[in-house]
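Student: Got a minute to walk me through this one? I'd like pockets, rings and backbone oddities.
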Amino acid sequence: MRKITHVAAGILLRADGSFLLGSRPIGKPYAGYWEFPGGKLESGESEITALKRELVEEMGIEVTAATPWIVQTFDYPHASVRLSFFRVTAWQGEITAHEGQEFAWQQPGKLNVSPILPANGPILRGLALPKVMTLSNVAELGEAAFLARLEQSKPSWLILREPQLNQDQYRGLAERVLAIARGQHTRVLLHDAIDLATQLNADGVHLPARSLLALQQRPLLDWVGASTHNAAELTAASQLGLDYALLGHVCDTPSHPDQSALGWADFKALLAQGWPLPVYALGGMSKNDIALAQEHGAHGVAIMRAAWV
């Protein structure tokens, strides 16, 4: 086995959702390829310390706000690398090319530069995910009220999770939800219904942990995520190449009155192990918890009741 080189990389994000890519300088492997700025950890350095140093050296900026995000391991012909990615949301100074590289602001799903460094492909996909993943709540609201609120709130992504319905009832609800969602550009993921998602041309599927652990390969759908509660389930989601995971429940919630909450400390400790997919904090969350969740390593929050008030 080759020695693994540890790298810290920064995803500079602007308020409009755009992110910064830089070209690799002449003289380095993959010169001319586009990547997220960053570099190798020096002896004794933490990932965040290395990131801050590298961005001063490479582009003349001082990072003032950054949160851990994804950890990606990749084998290149010349090296094996472990990349710790940070979401960088604030910095001081003007971005300047100190190594003769180019920089370009990009929008998720609308790249206009190429080629992209191979290890960064999954990262670009993750940037298309929203900060808030919304779960349905027909069980408490009733179908008519839920559909009305769906039209009003227009969530960007929706997991249609209604385990109280039988198969025929769920299919009927899914058809009605998809009809609304397509008119307002809401992505819909059906819950534990791979075949139905394919038949109805839904955007993807969301798997409960029991179904996640039973799978041998990723379903052939555009977007696939899963609910997880521990490292074993996060490992399964990672090995299948899923697009995201929900992890919880973090705080007390009426949905699980007899189960102890994970808590923020254990949530952070789990994510600190490093996972190659974005993870959402689930359980007792609202939009007000986005920043707190990201400070603990999450991509964002998954919300149910708070989404429909």
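Tutor: Element names come first: helices (H or I, at least four residues) and strands (E, at least two) are DSSP runs, numbered from the N terminus. This is a predicted model, where local features need pLDDT of at least 70, side-chain atom pairs count only at pLDDT 80 or more, and totals for chains, interfaces and linings use all residues. Residues are numbered from 1 along each chain as its sequence is written, and side-chain values use heavy atoms, with hydrogens and water left out.

Student: Fine. Where is D192, then?
Tutor: D192 is in the loop between β10 (187–191) and α6 (194–199). Its phi is near 55 degrees, a positive value in a residue other than glycine.

Student: How accessible is D192?
Tutor: Its relative accessible area is 32%. That makes D192 partly exposed, as buried means under 20%, exposed over 50%, and partly exposed in between (1.4 Å probe, protein chains only).

Student: What about the phi of K154?
Tutor: Also positive, near 50 degrees, and K154 is not glycine either. K154 sits in the loop between α4 (143–153) and β9 (157–160). At 49% relative accessibility, K154 is partly exposed.

Student: On to peptide bonds. Which residues does a cis bond join?
Tutor: S114 and P115 are joined by one, with omega about -5 degrees. P115 lies in the loop between β7 (103–106) and α2 (121–126). Another cis peptide bond joins G248 and H249, with omega about 5 degrees. H249 is in the loop between β13 and α9 (264–271).

Student: Pockets now. What volume does the largest one have?
Tutor: About 1100 Å³. Of its 47 lining residues, the closest to the centre are L135, R161, E162, P163 and H191. The search uses a 1 Å grid over the protein atoms alone: a pocket is an open set of points where a 1.4 Å probe fits, with protein on both sides within 12 Å along at least five of seven lines, and lining residues have an atom within 4 Å of a point. Points are joined across faces, edges and corners, and a volume is the space filled by probe spheres set on them.

Student: Which element gives the most to that lining?
Tutor: α5, with four residues. Elements supplying at least two include α5 (167–184), α7 (209–214) and β12 (223–228).

Student: And the lining by class?
Tutor: 19 nonpolar, 19 polar and nine charged residues. Ala, Val, Leu, Ile, Met, Phe, Trp, Tyr, Cys and Pro count as nonpolar, Asp, Glu, Lys and Arg as charged, and the others, Gly among them, as polar.

Student: How big is the second largest pocket?
Tutor: About 490 Å³. It has 23 lining residues, and V7, R24, E35, K40 and V81 are the closest to its centre. The lining divides into 11 nonpolar, five polar and seven charged.

Student: Switching to rings. How many aromatic pairs are there?
Tutor: The whole structure has 10. Rings of Phe, Tyr and Trp (its six-membered ring) pair if their centres lie within 6.5 Å; planes under 30 degrees apart count as stacked, over 60 as edge-to-face and the rest as tilted.

Student: Why is the pair of Y30 and Y33 edge-to-face?
Tutor: Because their planes are at 90 degrees; the ring centres are 5.0 Å apart. Ring pairs also link Y30, Y33, F74 and Y76 into a cluster.

Student: Which charged end sits over the ring of W223?
Tutor: That of R125, 3.8 Å from the ring centre. R14 does likewise over W105, at 4.0 Å. The test is NZ of Lys or CZ of Arg within 6 Å of the ring centre and within 35 degrees of the ring normal.
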